Amino acid sequence: MISQTTPSVFKRVLPQLVILAVVLACNLAVFPGFFALSVHDGRVFGNLVDVLNRGAPVALLCIGMTLVIATRGIDLSVGAVMAIAGAVAASVLAGGQGWGTALLGALAAGLLCGLWNGVLVAVLRIQPIVATLVLMVAGRGIAQLITEGTILTFLDPGMIRLGAGTVLGLPTPIWIWIGLGALVITVVRRSALGMLIEAIGINEAASRLAGINSRVLLICVYGVTGFCAALAGVIVAADIKGADANNAGLWLELDAILAVVIGGNSLLGGRFSILASLLGALIIQSVNAFILLSGLPPEFNLIIKAVLILAILVIQSPKVGHALYMLRAGGLPLGGRTKARSPLTSKEEKAQ
Amino acid sequence: MSVPIRPLLHARGISKFFPGAVALDAVELKLNPGEVHALLGENGAGKSTLIKCLTGAYRRDGGTVTLDGQDVSPASTNEAQALGIGTVYQEVNLLPNLTVAENLFLGRQMTRFGLVRRRAMNARARAVLEDYGLSIDPAEPLTSYSVAVQQVVAIARAVEMSGKVLILDEPTASLDRDEVQLVFGVIRRLKARGLAIVFVTHFLDQVFEICDRATILRNGRVVGERLLEAVRPDDIVTLMLGRQLEARVQARRSGPGGEVLVELEGLGRRGMLEPVSLSIRAGEVVGLAGLLGSGRTELATLLFGAVAADSGTVRKRGRALRLARPRDAIAARFALCPEDRKTHGIVADLSVRDNILLALQARQGWMRPVPRARVNEIAEHYRRALDIRAASLDMPIRLLSGGNQQKALLARWLATRPDLLILDEPTRGIDVGAHAEIIALIERLREEGMALLIASSELEELVAYSSRVVVLRDRRQVGALEGSRITPDNIIGAIAAQTPQTPQEVPA
């Protein structure tokens with residue numbers, strides 16, 4: 001079932017588009033050449049391309065993360081799964097196999113990790129944050145076992161092309177995340193999957209009574225997330241031509257969750273938009289670019305990022321939105337008795 | 001009851017708009033001290049909205065409220081409480097894990113040097129509750145008492161904090177007969193103390209028992225204010241519905257029905273329900289009677305596979321079924337509208353349309369989405385057939401009134417074309433109009449040859465549509481009534497009898 005038509009999709013992602021535009025405008029302000037593009041050897045170069053390219057891992061992660069969060073879950077293990085996938089790919093290559101086998105092995109490992117999480121959550125009924133914490137902690141250990149504690153490098157040109165190659169003038173990772181994103185969005189919205197996932201996230205008891213196989217659906221959703229994480233892990237490994245069990249994907253699970261939140265998806269589950277999450281991932285990457293270009297000392301980076309993200313979240317807060325609405329309507333935001341009415345805020349709706 | 005000249009609370013011209021809808025249109029409500037005032041109307045008539053405007057949960061869009069002659073506009077429920085307007089809701093709004101005393105004084109605990117004076121608080125709580133005719137230990141957690149006692153604690157808390165106007169929003173909806181009397185006793189005491197009390201309920205007999213005056217709403221407007229001694233129930237119902245309601249519950253009891261469709265043989269689960277045997281024919285309604293906690297809901301739950309039974313078999317047309325999950329039951333073309341709409345029925349944030357579609361889509365699997373056009377056709381069909389009142393089928397179902405939510409849930413299951421429809425309290429907490437419509441629907445489905453198993457605490461209702469009534473008590477089947485022996489008195493007799501009054505075996 002297609003529960004969204006084109007205009008409503010646009011309305012849904014409008015806040016994310018506006019924020020992205022503002023962040024990009026800030027980039028332009030500190031670096032006037034930000035939008036400049038040039039072509040060398042059939043490849044497009046420029047900061048915008050870099051944002052799309054560097055944003056690929058978080059964009060891939062947030063595709064699966066959006067689905068998991070829509071079911072009222074969360075997956076903390078995606079960063080560690082990236083490390084495992086990279087390690088598997090590198091060790092398969094080190095064993096003399098081709099890049100295709102390495103890719104398949106890495107994806108299978110990611111899928112397996114995701115299914116493991118899914119079983120813990122859906123069958124054993126462990127809270128998602130705890131269930132995935134297990135693999136978050138253990139995952140890097142597993143990756144280190146696979147690489148035997150070293151950074152396992154490789155020179156396979158096929159594998160490297162996945163992270164650093166060019167297809168139709170643009171870096172391969174861009175095509176990969178846009179392709180997977182489009183595929184998942186299409187499958188989820190053209191089939192009934194999206195609605196069933198939302199139903200589970202909103203009210204699992206009622207969904208089960210309505211005949212939804214919530215157990216299988218949950219396992220699948222975690223499986224998809226593991227798959228996305230593996231793809232991200234392969235891209236990162238291919239980019240640095242090696243598997244770094246300690247640092248690949250480190251803290252990226254938090255960026256992925258952040259992208260989903262900036263995308264306006266509620267951590268309480270329910271209605272979701274993958275497109276909005278992908279825009280969230282681009283916003284995060286644009287903020288990263290801004291910090292680099294602003295020329296501030298690197299020790300400020302994390303603080304600036306935190307401040308910018310706080311600002312984005314504050315702007316999105318329903319309370320602030322309400323207050324802004326009231327101000328615009330000429331009334332006092334609090335306590336004043338005005339004739340202007342805000343649109344039904346979420347708080348009012350909840351009171352129903 | 002003498003009529004005081006000045007009302008304690010007077011709301012005039014109250015209006016409230018929602019996007020695309022006028023929820024309240026210049027509504028007037030006059031509450032006199034020492035009077036119990038019923039607020040009546042169908043679901044969606046505006047009762048809840050009006051109450052929320054009075055208690056500060058909503059801001060009104062127009063009109064004035066005077067309390068004791070002063071204009072007031074509470075911006076929050078806390079402010080309303082401070083002004084003297086307290087509210088008690090259907091679902092007890094307390095913290096079950098805290099003690100009775102803590103609940104009573106939550107937010108204004110007695111302290112000394114910043115520390116809670118537990119002993120003093122318990123003593124005070126005991127004194128307060130004794131005023132309400134409750135002698136319970138306030139140091140016990142709230143959950144150790146029945147819902148009725150919890151409800152009285154909620155009332156006590158509201159009155160202690162506010163003390164002028166008490167709004168009771170369906171306080172008796174989940175109480176049984178004796179418990180209702182307990183709450184009514186409390187209401188009478190408070191009335192004698194001069195409080196103005198608003199009583200919202202769907203039970204008309206309760207209105208006539210406890211209330212002095214009634215304001216009737218329809219479609220967001222006041223259609224009448226009546227002194228209850230001077231009117232008959234039918235007049236009130238006519239006002240609420242805006243049409244003369246012919247014979248409220250038509251007693252056209254079903255005949256013997258057709259072939260035996262479903263047989264239960266010793267279906268039970270340890271600690272939940274002792275083995276029950278019964279059979280249901282196509283085209284008949286089997287009623288399940290019993291008090292709350294008697295095992296009615298448990299039987300429905302086991303039969304639908306929501307909880308797996310550990311004994312007995314269920315056969316459909318002679319073939320044994322394995323019912324370990326709701327999906328098994330749905331595959332056998334069973335359907336269940338559960339008792340608790342909010343937690344087990346609706347998926348609150350999904351649209352009315354998706355809620356109607358949910359069971360059908362779940363059965364088809366995610367790979368085969370029901371085509372958009374077909375979805376619209378199904379949703380439109382049931383919107384018209386069941387008269388589901390929603391501004392749009394795209395709005396979240398949580399915005400609908402209780403009766404309309406219930407109809408949407410019925411639509412969800414009817415869309416799957418079930419052979420056996422299990423209804424657990426299908427008319428609880430919904431208004432008279434929707435009530436009559438649902439009963440008519442039950443009749444229609446039965447005539448079309450569907451088998452129905454209906455658990456209800458409304459005896460007249462059970463008597464009206466059942467061809468057989470199975471009586472449960474203390475999680476045991478204690479009797480069955482058939483044909484002309486199905487009367488409210490006989491059912492009550494069977495429920496109340498110490499030993500099964502007619503230890504007759506249920507025909508299998």
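## Report on chains A and B of a predicted model

Residues 24 or more positions apart make up 76% of the contacts in chain A that have a separation of 6 or more, two residues being in contact if their C-beta atoms, placed from the backbone, lie within 7 Å. This is a predicted model, in which local features need pLDDT of at least 70 and side-chain atom pairs count only at pLDDT 80 or more, while totals for chains, interfaces and linings use all residues. Residues are numbered from 1 along each chain as its sequence is written, and chains are lettered from A and ligands numbered from 1 in the order in which they are written.

**Chain A.** The secondary structure of chain A comprises 16 helices and six strands; helices (H or I, at least four residues) and strands (E, at least two) are DSSP runs, numbered from the N terminus. A compact globule of 352 residues would have a radius of gyration near 20 Å, and the 21 Å of chain A agrees with this; the radius is taken over C-alpha atoms, and the globule rule is 2.2 Å times the number of residues to the power 0.38. The C-alpha trace of chain A spans about 75 × 55 × 35 Å along its principal axes. Of the 352 residues, 49% count as buried. A residue is buried if 20 or more other C-beta atoms lie within 10 Å of its own, exposed if 12 or fewer, and partly exposed in between, with C-beta atoms placed from the backbone.

Two loop residues of chain A that are not glycine have a positive phi.

| Residue | Phi | Loop of chain A | Other C-beta atoms within 10 Å |
|---|---|---|---|
| A:Asp41 | near 50° | between strand 1 (37-40) and strand 2 (43-46) | 7 (exposed) |
| A:Leu168 | about 50° | between strand 4 (166-167) and strand 5 (170-171) | 10 (exposed) |

**The contact between the chains.** Chain A contributes 31 residues to the contact and chain B contributes 37 residues. On the side of chain B that touches chain A, helix 10 (326-331), helix 11 (341-345), helix 12 (352-364) and helix 13 (372-385) of chain B each supply at least two residues. Helix 12 of chain B gives the most, with six residues. By class, this side of chain B has 23 nonpolar, five polar and nine charged residues; Ala, Val, Leu, Ile, Met, Phe, Trp, Tyr, Cys and Pro count as nonpolar, Asp, Glu, Lys and Arg as charged, and the others, Gly among them, as polar.

**Helix 12 of chain B.** This helix has 13 residues and reaches 19 Å from its first C-alpha to its last, close to the 18 Å expected at 1.5 Å a residue; the expected span is 1.5 Å times one less than the number of residues. A kink of about 50° is centred on B:Leu358, the bend at a residue being the angle between axes fitted to the seven residues ending there and the seven starting there. Eleven of the 13 residues of helix 12 of chain B are buried, so the helix is largely enclosed by the rest of the structure. Among the buried residues are B:Arg353, B:Asp354 and B:Leu358. Their cover includes helix 9 (193-202) of chain A together with helix 10, helix 13 and helix 14 (402-414) of chain B. Just after helix 12 of chain B, B:Gly365 takes a positive phi of about 90°.

**B:Val260.** This residue lies in strand 13 (residues 260-269) of chain B. B:Val260 counts as partly exposed, with 18 C-beta neighbours inside 10 Å. Leaving aside neighbours within four places in sequence, B:Val260 is in contact with B:Ser279 and B:Arg281.
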